[in-house]
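User: I would like to go through the labels given to this structure and see what each one rests on. Please start from the sheets.

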Amino acid sequence: MPNPTAAMLVIGDEILSGRTRDSNMHFLARKLSEAGIDLAEVRVVPDDRSRISEAAGALSDSYDYVFTSGGIGPTHDDITADSIAFAFGKSIGVRKDALDILEKHCAKMGVDLNDSRLRMARIPEGASLIENSVSAAPGFSLGNVHVMAGVPKIFEDMAVRVIAGLEGGRPLRSRSVEIFRPEGEIAEDLGKIAEDFPALAIGSYPRRVNGRFAVNVVFRGEVPSVVDSAAERFLAKFPDATVAD
């Protein structure tokens, strides 16, 4: 039986403009892989309600799970909650359970629960809350869409909680080897290994290290013994390669 599939929707003008570097995709991909959930698509959209709603709906229809990051803070451009509610035809407003969380947090921190902070208690009808142990303001899940903050520490906290409650599949085994040669020198033999191990995903990633050509080769699959066999075949063919993981 194939693993469940997932998609990620990254939201924010700051990502598209290059002002902010996204690290959440890397974290999510690794955690989903460990849970046996295949991250199959990532989209990045601006802070625009129609674009967010359209993408969320399309991804929800196409994949088992959808994870969003960004746009659920207290400022005027944090429109993700409204956009997700619109996408699924749900009303949205301040909800008591979310309000209670924010009231307790603000009292603890000695700050006012002003109108801006109150925005973070607005939750779509029918959604369940995602706990946030970093800054209290909750995310939410609506159907198969899990809406989380863009701040990496908060996103990571929420993602771990959500993934722990999802049905996964077989985690992927991964092995990496590194070789200091141009990619063209290994391509033919690596292609033959890929033909002999069709169940594996084998990737070749060239780079330059201190002026030298280098390639990182990654073998990924569900059966550890098969992954190991393919990696060992490569290492036997290229004795100057080294294990990188």
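**Sheets, helix packing and loop residues**

Analyst: This is a predicted model. One open sheet has four strands in the order β10-β11-β9-β12, paired in the antiparallel sense. Its edge strands are β10 (201-209) and β12 (242-243).

User: What makes β10 and β12 edge strands?

Analyst: Each of β10 and β12 pairs on one side only. Further in, β9 (residues 173-179) and β11 (residues 212-221) are antiparallel and joined by seven bridges. Pairing requires at least two bridges, so the seven between β9 and β11 satisfy the criterion. Within this pair, Ile-179 is opposite Val-215 of β11.

User: Which helices pack on this sheet?

Analyst: Helix α8 (residues 183-196) touches β9, β10 and β11, and its direction is at about 170° to that of β10. Helix α9 (residues 224-237) touches β9, β11 and β12, and its direction makes about 10° with that of β9.

User: What is the strand order of the open sheet of six strands, and what leaves one side of β2 and β6 without a neighbour?

Analyst: The order is β2-β1-β3-β8-β7-β6, and the pairing is mixed. β2 (38-45) and β6 each have a single partner strand, so one side of each lacks a neighbour in the sheet. From one strand to the next the twist averages 20°.

User: How do you know that β8 has both parallel and antiparallel pairing?

Analyst: Strand β3 (residues 65-69) pairs with β8 in the parallel sense over four bridges. Strand β7 (residues 139-142) runs antiparallel to β8, and three bridges join the two. On the β3 side, Val-66 has Val-145 of β8 as its bridge partner, and Phe-67 stands opposite His-146. On the β7 side, Phe-140 has Val-147 as its bridge partner. The hairpin of β7 and β8 has two residues between the strands, and Gly-143 there takes a positive phi near 65°.

User: Which way do the residues of β8 point, and are they buried or exposed?

Analyst: Val-145 and Val-147 point one way, His-146 and Met-148 the other, and all are buried. Alternation of side chains between the two faces of the sheet is what a regular strand shows.

User: Which helices pack on the six-stranded sheet?

Analyst: α2 lies across β1 (5-11), β2 and β3, at about 165° to β1. α7 touches β1, β3, β6, β7 and β8, and its direction makes about 155° with that of β8.

User: Why is α2 called roughly parallel to α7?

Analyst: The axes of α2 (residues 24-35) and α7 (residues 152-164) cross at roughly 20° and come within 10 Å. Angles under 35 degrees count as roughly parallel, so α2 is roughly parallel to α7. Their crossing is right-handed. On the α2 side the meeting residues are Asn-24, Phe-27, Leu-28, Lys-31, Leu-32 and Ala-35, and on the α7 side Pro-152, Phe-155, Glu-156, Ala-159, Val-160 and Ile-163. By class, this contact has nine nonpolar, one polar and two charged residues.

User: Why is α3 called oblique to α4?

Analyst: Helix α3 (residues 49-62) packs on helix α4 (residues 80-87) at an angle of about 55°, and the axes are 8 Å apart. An angle of about 55° is not under 35, not over 145 and not within 65 to 115, so α3 is oblique to α4. The crossing is right-handed. From α3 the contact takes Arg-49, Ile-52, Ser-53 and Ala-56, and from α4 Thr-80, Ser-83, Ile-84, Phe-86 and Ala-87. The classes are five nonpolar, three polar and one charged.

User: Why is Ala-136 called buried?

Analyst: Its relative accessible area is 12%, and buried means under 20%, so Ala-136 is buried. Ala-136 lies in the loop between β6 (128-130) and β7. Ala-136 is not a glycine, yet its phi is positive, about 80°.

User: How do you know that Asn-210 is exposed?

Analyst: Asn-210 has a relative accessible area of 80%. Exposed means over 50%, so Asn-210 is exposed. Asn-210 is in the loop between β10 and β11, and its phi is positive, near 50°, in a residue other than glycine.

How values were computed
Residues numbered from 1 in each chain as written. Predicted model: local features only at pLDDT ≥ 70, side-chain atom pairs only at ≥ 80, totals over all residues. Heavy atoms only, no water. Buried < 20%, exposed > 50% of the residue type's maximum accessible area, 1.4 Å probe, protein only. Contact = heavy atoms within 4.5 Å. Axes fitted to C-alpha atoms, helices over the stretch in contact; angles between N-to-C directions. Left-handed = near helix turned anticlockwise from the far one by under 90°. Nonpolar A, V, L, I, M, F, W, Y, C, P; charged D, E, K, R; others polar.
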